[in-house]
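Got the viewer open? Let's take a short walk through this one, selecting as we go.

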Amino acid sequence: MADNQEQQGLVYTNRNSLMNRFYPLVKLAWVFVIAIGLFIYKSPISGAVMFVSVLLLAMVAGKIPFRQILGSSKIILMLGILLMVFHFFADPGEPLLKLGPLTITDNGLYQGPIFFFRLSVVVLASFVLIWTTDTRDLMVSLTKVGVPYRGAFAVFLALRFLPLIQREVDAVRAAHSIRGKSTSSGLGHRFKLWQRYIFTILINGLRKAETTATSLECRAFGLYQTRTYVKDIHFNPWDLALIVLTVVLSTGLIIIERIP
């Protein structure tokens, strides 16, 4: 069961895939290129194409199971759907359908999916980065481009704490289930449970942060200007093909959108 939970979370797993072999900074730049393109697109079709492209890249080039993708992204997808529905009613335009005091507009139906894909695709690409990138390799690659190793280590800690926080949520949920506090009850009870989750996770997070700070101080972290690493990582110019192909796809979508 522990192995199954490990596979389902936001945890790096070396599946010996193509995405695993890409240079960490190339994948980080790839996420930024996708995000920039999504904010330039003016059609939901372009966002849908990019969504399918990132999903296929994660499953084929990253060897990430669809079940893991869905399990980790369902909350973000739900938030994206809520954002899309909000724009259905909030954006001005020609009224199409009235639901009581609310009105769905033609512009809302067009803009809603655009915002949905902006959120979901960027989050999915970020998850692919986390699933296929060893945080230690990312830290080393950042230091090689001139980032102080103290700042690179801060990025390492931020990514390292993500799966730990998820485990804390699972542990708290399991503890409430054992005590008979089911999460399948009413909304009011669920809200109280989430309050307990947040409080417990916050306290445990602060405790882990204090322990980490003490460990860094005991090891004299930051005493020297430079730092050596046992495992080195090297850049391959062919890794830039990931960014080049993404830029070509984004440029093609932008050009197609502007064809009258």
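Start by picking Ile69: in which helix is it found? Ile69 belongs to H5, the helix covering residues 66-90. Keep in mind that you're looking at a predicted model.

**Stop 1: Ile69 and its surroundings**

Leave Ile69 selected and switch on a surface. Is Ile69 buried or exposed? Its relative accessibility is 4%, so it counts as buried, the cut-off being under 20%.

Now show what touches Ile69. Skip the neighbours within four places in sequence and you're left with Leu55, Ala58, Met59, Ile64, Leu124 and Trp131 as its contacts. Pick Leu55 from that set and draw a C-alpha distance to Ile69: the two sit 14 residues apart along the chain, and their C-alpha atoms are separated by 8.6 Å.

**Stop 2: the rest of H5**

Widen the selection to residues 66-90, the whole of H5. With 25 residues at 1.5 Å each, H5 should span 36 Å; the end C-alpha atoms lie 33 Å apart, so the two values agree. Next, centre on Ser73 and look along the helix: H5 bends there by about 55°.

Colour the buried residues of H5 while you're here. They are Gln68, Ile69, Ser72, Ser73, Gly80, Met84, His87 and Phe88. Notice that Ser73, the site of the bend, is on that buried list, along with Ile69 from the previous stop.

**Stop 3: the salt bridge**

Jump to Arg258 and Glu257. How many salt bridges does the structure hold? Just 1, and these two side chains make it, with N to O at 3.4 Å. Check the accessibility of both partners: Arg258 is at 45%, so it counts as partly exposed. Glu257, at 22%, is partly exposed too, because buried would need a value under 20%.

**Stop 4: zoom out**

Clear the selection and show the whole protein as a cartoon. You'll find 10 helices and 2 strands. Following the sequence, the order runs α-α-α-α-α-β-β-α-α-α-α-α, so H5 is the helix just before the strands, as helices are numbered from the N terminus.

Colour by burial across the protein, and 36% of the 260 residues come up as buried. Then turn on the full surface: about 15,900 Å² is exposed, with carbon and sulfur atoms supplying 69% of that.

A contact map makes a good last view. Take the contacts between residues at least 6 apart in sequence: 73% of them join residues at least 24 apart.

Methods:
Residues numbered from 1 in each chain as written. Predicted model: local features only at pLDDT ≥ 70, side-chain atom pairs only at ≥ 80, totals over all residues. Heavy atoms only, no water. Helix = DSSP H or I, 4+ residues; strand = E, 2+ residues; numbered from the N terminus. Buried < 20%, exposed > 50% of the residue type's maximum accessible area, 1.4 Å probe, protein only. Contact = heavy atoms within 4.5 Å. Areas by Shrake-Rupley, 256 points an atom, 1.4 Å probe, with all protein chains shown as cover. Salt bridge = Lys/Arg side-chain N within 4 Å of Asp/Glu carboxyl O. Expected span 1.5 Å × (residues − 1). Bend = angle between axes of the 7 residues up to and from the residue.
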